[in-house]
Every structure is written in C-alpha cells, then in structure tokens.
Amino acid sequence: MSVSMQTPLPTSRWSLGVLLASAFIVALGYGIVLPVLPTMVERLAGSTDPTFAARHIGFLTAAYVAAPLAVAFLWGRVSDLIGRRPVLVVGLIGFAVTLAASALAPNLPVLYVGRVLNGAFAAAVVPTALAFIADTEGDDDRRARTFGWVSMASIAGFLLGPMLGGLAAGWAFDTGRAASSLQAAPFLLASGLALAAAGGVRLILPEGRVTGHPAETKNRETSSFVPGELRLLALASLAAAGLGAFEVGLTLRNNELAMSPAELGFMFATCSVVMFAVQGLVFSPFVKPAATRGLVAPAFLVMAIGLAIIPAIAGFNEMLLAVSVVAASAGVIGPLLASWVSRLTARSQGVELGIQSAVVSFGQSIGSAGAGLLFGLNGLQGTAFLAAAVVMGAAALASVRLPQQLAVETGDPGDASARSAPK
C-alpha cells in the first residue's frame, strides 16, 4: 500500500475540531468509570469488604493507565509510518468496543481484561492527535497553545464523565440486574460517541503522512535523547504518579467521608472545572509560551501542599477547596511538560509522544496501585496522599532551575538568564 506525502499546512478548524472531540471522548470514557468502580467491584465480587474493594479499585485503575507502557511507543511508530488518521480510527474503534465490554463484564477477571485493552486503545488517541498537531503547526507559540486546547478538551471530558458515572452509581444501590443496567448506560453512551468520532476522523483528517515540518529540520539523532529531555520526561512521570494517587485516593476516601457516588462525581467535576479554567489562562494569548517554563516548580509545590492537607480534612466544602488546589497545579504541569518535550525532541513526533505517553502511564499506574495498596492497610489510608505530597515536593526542588535550563536548550535569545547561563 502506497502512502501519500502531503505538504504541511496549519491545522484546519475541522481537523482541530475532530482531534479535540477525540480527546474529549477518551477522557469521558475514563472519567465515567471512577465513581462507578466501587459499586461495580462490590457487585461483581459479591463482597463489601473495604480492604478488598480498595485493593481492586487501585489495581483496576492502574491496569488502565499501565497499558500504554506496552503499546504507546508502537502506536507512535506506526503513525509515523502510515499516517496519523488510521491509527486514530483504530484507536477510537478499539476504545469503543473495549469500553462497552468493560461495562458488561460478568466478573472481575473480565473487567480487568477490558480495562487493560481499553487503556491500550486509548493510548493511540491523544498522543497521535498531538503528533498530528506537531506535524502541522511549525510555530512554537501556536503549537503550545494547541497542545493546551487538546488538554482542555480532555479535561472537559473528565468533567462530564464522573458526573454521568456518579449519577449512574447513585441510582444503582441494589446489586440486581437493574443496577448493572444503570451502570452500563453511560459506558455505552461514551462507546457510541467514540465510534462517531472515529467516523469523523476518517472523513476529515488528511490521508497519509505529513512531512517536512520545521521540527524535523532541527532533528539531530533520531535514536538519542537531547539535553533536558530525560529530565522533562521524569518530571512528567512524577506528576502523573501524584495525579494517579490523588484520583484513586479521592475515590476511596468517599466512604470515609460518607460521600455519595453523586457527590464524588461532583468532586471530580469540580477538579475538571478548575483545570479547565487554569489551562485557559496559561495557554491564552496573554501568556507567552516562553514564560510558562517558570510555572513548573511553583505548580509542583502547590500540588504538594494540596495533597498534604487532604488527610486532615473531614468536611465536604473544605475537601472541594483542597482538591481544587491539586487540580489547578496538575492542570498546569502536564500540558506544559508535553509542549516542551515536543519542542526539544530530536525524534519524530509520533515516536516522541508515544514515549511520553508510556512514561506518564508508568507514573500514573504506580501512583494508582500504590494508593490502592495503602488504603487497604488499616491506619495508613492518609499515607497515600502524604507520600504523593513528598514526591511532588521533590519534583518542585528538581524544577527550580528548569527555566534557565530550558532557555539554554531551546536557544531562546530573548531570555537574559539563557544568555548568562554557561553553555
């Protein structure tokens, strides 16, 4: 099969729209699961033991986010070879099918398989969408802002997902067939939307590969890490670990605070609104992308503080404030690091963003599984948040000199610290 070669053009509105819709739907499918998992585990396992539930909720979340470790690099490589469109189509269709299978799982082993496969197909979507944008947006400012829009689309999906899942779980108090049907409904809705997005990608995105984008002209060695890249990837993995521990910990703490599934969904929705607002500001035309490198260390520090105070909070309103602090900082860190890695890399965008997806998934899976294990130990529930806070504090210290280092590595002539820093 021949692959057509196309001259890069700025991302069209229609292409950008379908990419944003794809990111939104994948996040929607992930967010739907979080409030529903406790009741699903109880129903499928026939057990109300909180230790048992905590362990499996952590492992099920980790199973989803760990899957990209095995396939994200392969998705990126394939998209470099045959083009972004077919990989996006396959990823969305596979995501739809495995999401529906997870919703209808008859037992826990099948649910685990469904979550792993669902995460594996999800890993094809957002990194490939970002790679398409990196192919077509040669201007660093436009690329950074468009990356931010994709992240905001994901947050919007995560905003709606927990609300739908929380409502379904709130209605499904019994363990009979009616409960199973209510829990499955939002899953099947997200599955149908994913199939529709696959059709939109097939119709709108250009066929074949887009080549010759400006980033390729500065590539040096396609198999090596450039200075600063490993540091950024490590920070992205640490941030994901903190976010994974936070998501699972918040899901499990709802029992301790006597929150209903609907309240838990509202809590996650609040997180998404805060992330959305913060990213709208950071990636707006009012903030130059070069200035954003100074936000990473403060964001890690704020995230550490928010995580550290969560175990001491017992009230719903106070918890909303704490999780908003964590959400605001996490919403800044992830897309900023993705943008800077894309700008620094010496590899093709598909491979690089696949590597980044795998690194982030590794961190998030460790954080999710660790939180589940700690919550399963009597008296150590709050340790999950405190351990994550320590890690975020260490990341803040490691990021203090990041602005000067990135200025040197990107050769920004307008940065005084870059001119004075040793080469």
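Let's start with R85 and the residues around it: setting aside neighbours within four places in sequence, R85 is in contact with V201, R202, L205, P206 and E207. Keep in mind, please, that we are looking at a predicted model. One of those partners, L205, has its backbone oxygen 3.3 Å from a polar atom of the R85 side chain. If you want to find R85 on the screen, look in helix α4, which covers residues 84-103.

Now, is R85 buried or exposed? Its relative accessibility is 12%, and buried means under 20%, so R85 counts as buried.

Just before that helix, have a look at D80, which sits in helix α3, residues 68-82. Here the relative accessibility is 13%, so D80 counts as buried too. And what does the D80 side chain make a polar contact with? The partner is the side chain of R84, at 2.7 Å.

Let's zoom out to the whole protein. You can count 17 helices and 2 strands. There are 423 residues, and buried ones make up 57% of them. If we take the contacts with a separation of 6 or more, 85% of them join residues 24 or more positions apart.

On to the nonpolar core. The largest one has 110 residues, and the members that touch the most others are F246, F300 and L307. Which helix gives the most to this core? Helix α1, residues 13-45, with 16 residues. Let me pick out L307 for you: leaving out residues up to four places away in sequence, L307 touches F246, V326, F385, A388, A389 and M392. So F246 turns up among the contacts of L307, and F246 is also one of the residues touching the most other core members.

Last stop, the empty spaces. How do we find them? Rolling a probe the size of a water molecule over the atoms shows where empty space is left. In this structure there are 3 cavities of 30 Å³ or more. The largest has a volume of about 1200 Å³. It is lined by 43 residues, and the closest to its centre are V126, S154, L243, V360 and Q364.

What kinds of residues make up that lining? They divide into 31 nonpolar, 11 polar and 1 charged. And if you'd like a helix to follow with your eye, try α13, residues 316-344: with 7 residues, helix α13 provides the largest share of the lining of the largest cavity.

That's my tour, thanks for listening!

Methods:
Residues are numbered from 1 along each chain as its sequence is written. This is a predicted model: local features need pLDDT of at least 70, side-chain atom pairs count only at pLDDT 80 or more; totals for chains, interfaces and linings use all residues. Side-chain values use heavy atoms; hydrogens and water are left out. Helices (H or I, at least four residues) and strands (E, at least two) are DSSP runs, numbered from the N terminus. Buried means under 20% relative accessible area, exposed over 50%, partly exposed in between (1.4 Å probe, protein chains only). A polar contact is a pair of N or O atoms within 3.5 Å; within protein, one must be able to donate a hydrogen and the other to accept it, and residues adjacent in sequence count only if both atoms are side-chain atoms. On a 1 Å grid over the protein atoms alone, a cavity is a set of points where a 1.4 Å probe fits but cannot get out, and a pocket is an open set with protein on both sides within 12 Å along at least five of seven lines; lining residues have an atom within 4 Å of a point. Grid points are joined across faces, edges and corners, and a volume is the space filled by probe spheres set on the points. Ala, Val, Leu, Ile, Met, Phe, Trp, Tyr, Cys and Pro count as nonpolar, Asp, Glu, Lys and Arg as charged, and the others, Gly among them, as polar. A nonpolar core is a set of buried Ala, Val, Leu, Ile, Met, Phe, Trp, Tyr and Cys residues joined through side-chain atoms within 4.5 Å. Contact means heavy atoms within 4.5 Å.
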